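Visitor: I should like to learn how to read the packing of helices and the setting of a single residue. May we take one feature at a time?

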Amino acid sequence: MSLTDFVEVPNSLNQGITNARQQTMLALLGSPRGRYSNECQPVTHPVLSSQMVTDSVGTFRATGLLPAIEDLKVIMAAIKREQPDVHAALGTAGMLCARLVRGSTSIISNHSWGTAIDLTLDGKLDRRGDNKVYKGLTKIAPIFNQHGWYWGAGFRTEDAMHFEVGDERIRKWHSEGRFGVTGVTLPETALSLGDRGPEVRELQEKLNQTGTGLKIDGEFGPLTHAAVVAFQAGHGLRPDGVVGPKTRAALGL
């Protein structure tokens, strides 16, 4: 079987890893720029921009947040040891890219912080959203997971080319002082505007049980935010649109 033959998305992936929350990224690193579109634009946040580096990562060069680049060097070295055939075929379709998530009007892509990378195999890019993935990517996804990186095959719209630093690892870097940020109170591990993934789908399903009628798309956009605010207001909770422990309990999550 070729590395670029298509297979089903594995059942076991991203265990114990959450894709990075918008609240976490904004609290620790700030907003990369003032306005976004679906096109790549430069990072204008001066402090964040100063933390971006360009370096050799395995068989290619990439530009991203310094701790993410350092992680990638370790990950690629592990891939070279454990999956040398995949390592030799790897390339990149880009890392740092300040933009919105494809198809979204409000969710900032983690590429904007230089903490996500899109990979190619033999110069080919895995098709997004067809729920099929390259065989070669299934061989290296566990290695990314071992280092705290989330595989985009787990998104509602399958995005197997995409790997990003997980929320837990971002928070660990903060605890180690990697960002030079002090006096920041990290938000609870909660769901809020801009998040996406299986937990958001579950949230939307619970909200729909109350008669909301949301589209189950796994993206915490403005309509989901409004539904959360309305639910909170109707249940004596602070109507902030953030799904923390009290709101989770009220929804039965």
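Visitor: How are α3 and α5 oriented to each other?

Guide: Please note that this is a predicted model. One looks at the angle between the two axes, and angles outside the parallel, antiparallel and perpendicular ranges count as oblique. Here the axes of α3 (residues 66–82) and α5 (residues 135–146) come within 10 Å and cross at roughly 135 degrees; α3 and α5 are therefore oblique to each other. The crossing of α3 past α5 is right-handed.

Visitor: Which residues of α3 and α5 meet?

Guide: From α3 come Leu72, Ile75, Met76, Ala78, Ile79 and Glu82, and from α5 come Ile140, Ile143 and Phe144. By class, this contact has 8 nonpolar residues, 1 charged residue and no polar ones.

Visitor: At what angle do α7 and α8 pack?

Guide: Helix α7 (residues 198–208) packs with α8 (residues 222–234) at about 50 degrees, their axes being 11 Å apart. This pair is therefore oblique as well, but α7 passes α8 in a left-handed crossing. Leu203, Gln204 and Leu207 of α7 meet Thr224, Ala227, Val228 and Phe231 of α8. That contact has 5 nonpolar and 2 polar residues, with no charged ones.

Visitor: Does Ser112 count as buried or exposed?

Guide: A residue counts as buried under 20% relative accessible area. Ser112 has 0% relative accessibility and therefore counts as buried. Ser112 is placed in the loop between β4 (90–94) and β5 (116–121).

Visitor: What does the side chain of Ser112 reach?

Guide: The side chain of Ser112 reaches the backbone oxygen of Ser109 at 2.9 Å. Beyond four places in sequence, the contacts of Ser112 include Pro32, Tyr36, Val43 and Leu96.

Conventions
Residues are numbered from 1 along each chain as its sequence is written. This is a predicted model: local features need pLDDT of at least 70, side-chain atom pairs count only at pLDDT 80 or more; totals for chains, interfaces and linings use all residues. Side-chain values use heavy atoms; hydrogens and water are left out. Axes are lines fitted to C-alpha atoms, for helices over the stretch in contact, and angles run from 0 to 180 degrees between N-to-C directions. Helices (H or I, at least four residues) and strands (E, at least two) are DSSP runs, numbered from the N terminus. Angles under 35 degrees count as roughly parallel, over 145 as roughly antiparallel, 65 to 115 as roughly perpendicular and the rest as oblique. A crossing is left-handed if the near helix is turned anticlockwise from the far one by less than a right angle, and right-handed if clockwise. Contact means heavy atoms within 4.5 Å. Ala, Val, Leu, Ile, Met, Phe, Trp, Tyr, Cys and Pro count as nonpolar, Asp, Glu, Lys and Arg as charged, and the others, Gly among them, as polar. Buried means under 20% relative accessible area, exposed over 50%, partly exposed in between (1.4 Å probe, protein chains only). A polar contact is a pair of N or O atoms within 3.5 Å; within protein, one must be able to donate a hydrogen and the other to accept it, and residues adjacent in sequence count only if both atoms are side-chain atoms.
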